[in-house]
Amino acid sequence: MKTLNRNKSPFWYLLYDCKVSAKDEYGNETGEEIVFYKPAVAMNANISAATGSAQVEQFGNFAGYDKVIVTDDMSCPIDENTVLFIDKKPQYDEDGKPLYDYMVRRVAKSLNSISYAVSKVTVS
């Protein structure tokens, strides 16, 4: 199955980089972790409008997602630790933390395509 170029929409993804222990103003660890992501990368793929029964079956009993992204790029590095900007361009807060709007929940690879179940999140 190939995806038609005219059906592709632009979005950006940020791959997971690392976690660092947060420290207070005295240098003591707080027990929290700060997640860092690599720079945003632009990509075009087929993005579904909403969840449907075909997608629910595709990912098994897991139905906790809002959209499905399908790509025929089998070398796509997106995984379940990736965050996305789908409905907006990349935005960051004053500390440089990304204000993404979607997270990848599941990855389903087939012979000619990869499907990603993504869910909407609110980051502040």
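**Strand pairing, salt bridges and buried positions in a predicted barrel model**

Strands β2 and β3 form a hairpin in which five residues lie between the two strands, and Gly27, located in the turn, has a positive phi of about 90°. In this predicted model, the two strands of the hairpin run antiparallel and are joined by six bridges. Within this pairing, Lys19 stands opposite Val35 in β3. Lys19 also takes part in a salt bridge with Glu33, for which the closest N and O atoms are 3.6 Å apart. The pair links distant parts of the chain, since Glu33 belongs to strand β3 (residues 29-37) and Lys19 to strand β2 (residues 16-23), with their positions 14 residues apart in sequence. Lys19 has a relative accessible area of 47% and is therefore classed as partly exposed, as the cut-offs for that class are 20% and 50%.

The model further contains a closed barrel of six strands, which runs in the order β1-β4-β5-β8-β7-β6 with antiparallel pairing. From one strand to the next, the twist averages 45°. Strand β4 (residues 41-47) and strand β5 (residues 67-71) run antiparallel and are joined by two bridges, and the bridge partner of Asn46 in β5 is Val70. Strand β5 also pairs with β8, again in the antiparallel sense, over five bridges; in this pairing, Ile69 has Tyr116 of β8 as its bridge partner.

On the β7 side of β8, seven bridges join β8 to strand β7 (residues 102-109), and these two strands run antiparallel. Met103 stands opposite Ser119 in β8, and a hairpin joins β7 to β8 through four residues. Strand β8 (residues 114-120) has six of its seven residues buried, so the strand is largely enclosed by the rest of the structure. Lys120, a residue of strand β8, counts as partly exposed at 44% relative accessibility.

A search of the whole structure finds four salt bridges. One of them is formed by the side chains of Lys8 and Asp72, which meet at 4.0 Å, N to O. This pair links distant parts of the chain, with Lys8 in the segment before β1 (9-14) and Asp72 in the loop between β5 and β6, 64 residues apart. Lys8 is partly exposed, with a relative accessible area of 24%.

Another salt bridge is formed by Asp87 and Lys120, with the closest N and O atoms 3.7 Å apart. Because Asp87 lies in the loop between β6 and β7 whereas Lys120 lies in strand β8, the pair ties together parts that are 33 residues apart in sequence. Asp87 counts as partly exposed at 47% relative accessibility. Both residues belong, together with Lys67, to a network of salt bridges.

Attention was also given to Thr82, which is found in the loop between β5 and β6 (83-85). Thr82 has a relative accessible area of 1% and is therefore buried, the cut-off for this class being under 20%. The side chain of Thr82 reaches the backbone nitrogen of Asp79 at 3.0 Å. When neighbours within four places in sequence are left aside, the residues in contact with Thr82 are Tyr13, Leu14, Leu15, Met103 and Val104. Of these contacts of Thr82, Met103 is the residue that stands opposite Ser119 in β8.

Finally, the cysteines were considered. A search of the whole structure finds zero disulfides. Cys18 counts as partly exposed at 27% relative accessibility, whereas Cys76 is buried, with a relative accessible area of 6%.

Methods
Residues numbered from 1 in each chain as written. Predicted model: local features only at pLDDT ≥ 70, side-chain atom pairs only at ≥ 80, totals over all residues. Heavy atoms only, no water. Pairing = 2+ DSSP bridges. Axes fitted to C-alpha atoms, helices over the stretch in contact; angles between N-to-C directions. Buried < 20%, exposed > 50% of the residue type's maximum accessible area, 1.4 Å probe, protein only. Polar contact = N/O pair within 3.5 Å; in protein donor to acceptor, adjacent residues only side chain to side chain. Contact = heavy atoms within 4.5 Å. Disulfide = S-S within 2.5 Å.
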